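Reader: I should be grateful for a close look at one part of this model, namely its open and enclosed spaces.

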Amino acid sequence: MKQDPRFPNLFITDHPLIQHKLSHMRDKSTSTRTFRELLKEITLLMGYEITRDLPLTTREIETPLMTVDAPVIAGKKLAVVPILRAGIGMSDGLLNLVPSARVGHIGVFRDPDTHQPVEYLVRLPDLVDRIFILCDPMVATGNSAVHAVDVLKNRGVGDDQIIFLALVAAPEGIEVFQKSHPNVKIYCASLDSHLNEHAYIVPGLGDAGDRIFGTK
Ligand code: URA
């Protein structure tokens, strides 16, 4: 896991498999099908990294040979919350890893003129004793990511109960995110160079939603 001195709460998963798959995703000639599969595979690998610190407890289990106090994940239950629509491409991978997780949805689109998030849907599981993994492949301006964390925090979810999982981030977006939510951890596979004048990440991979769903 790599860090950037400018952004103490950003963690960059620099595992070679993740980087290799991400390079294929960036390639504009990669098909929709392959793009989607790669995103799922990367999310699974990132999910493995970000769940590394989940607290464990023990449960008494009887093996065929003896009774043993075996490690199991403690107390807190997980919820995966994709930010629609591109986040859906990541929640699939996470659910492969944690099939019993609850799934919430936050629907936000980016106003094409102001680049501000416009919310159109929020559906969440019960909030008590849960860890929420918010996912959205691209953190560009950071506005949608900030908004999604606001949605959870306004309902009483604590900073330490939220993990934000992205694929590619722009420094501009991470700066905005850290100003609003300095105590929420955010993970990505790459911190790219900058945003262009249309708020696209450079070099990026284009519009993640369009590439996942094959739309234009
Ligand atoms: N959303 C995307 O899908 N791509 C970008 O580059 C920026 C925002």
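How much space lies in the largest pocket?

Author: In this predicted model, the largest pocket holds about 670 Å³ of space. Its lining is made up of 30 residues, and those closest to the centre of the pocket are Ala86, Arg110, Asp136, Ser144 and Asp207. Several elements each give two or more residues to this lining: the strands are S5 (77-84), S7 (105-110) and S10 (138-139), and the helices are H4 (143-153) and H6 (208-213). By character, the lining residues of the largest pocket divide into 17 nonpolar, eight polar and five charged.

The second largest pocket may be described in the same terms. About 250 Å³ of space lies in it. The residues that line this second pocket number 13, and Asp53, Asp160, Ile163, Lys185 and Tyr187 are the closest to its centre. Two strands, S11 (162-165) and S13 (185-188), are the elements that give two or more residues to the lining of the second largest pocket. That lining divides into eight nonpolar residues, one polar residue and four charged residues.

Besides the pockets, there is an enclosed space to consider. A search of the whole structure finds one cavity of 30 Å³ or more. The largest cavity contains about 40 Å³ of space. Its lining consists of Gly47, Ile50, Thr51, Leu78, Val80, Leu94, Leu97, Val98 and Ile133. Helix H2 (32-50), strand S5 and helix H3 (88-97) each give two or more residues to the lining of this cavity. Strand S5 is thus an element to note, for it also gives two or more residues to the lining of the largest pocket. The cavity lining divides into seven nonpolar residues and two polar residues, with no charged residue.

These spaces may now be set within the chain as a whole. The secondary structure of the chain comes to six helices and 16 strands. The radius of gyration is 18 Å, close to the 17 Å that the globule rule gives for 216 residues, so the chain is as compact as a globular protein of that length. Along its principal axes, the C-alpha trace spans about 65 × 40 × 35 Å.

Finally, a word on the surface. Leu65, Met66 and Val68 form a nonpolar patch there, and together these residues have about 330 Å² of accessible area. Met66 has its place in the loop between strand S3 (56-62) and strand S4 (67-73).

Note on methods. Residues numbered from 1 in each chain as written. Predicted model: local features only at pLDDT ≥ 70, side-chain atom pairs only at ≥ 80, totals over all residues. Heavy atoms only, no water. Patch = residues over 30% accessible without salt bridge, like charges linked within 9 Å, V, L, I, M, F, W, Y side chains within 5 Å. Areas by Shrake-Rupley, 256 points an atom, 1.4 Å probe, with all protein chains shown as cover. Salt bridge = Lys/Arg side-chain N within 4 Å of Asp/Glu carboxyl O. Helix = DSSP H or I, 4+ residues; strand = E, 2+ residues; numbered from the N terminus. 1 Å grid on protein atoms, 1.4 Å probe; cavity = no way out; pocket = protein on both sides within 12 Å on 5 of 7 lines; lining within 4 Å. Points joined across faces, edges and corners; volume = space filled by probe spheres on them. Nonpolar A, V, L, I, M, F, W, Y, C, P; charged D, E, K, R; others polar. Rg over C-alpha atoms; globule rule 2.2 N^0.38 Å.
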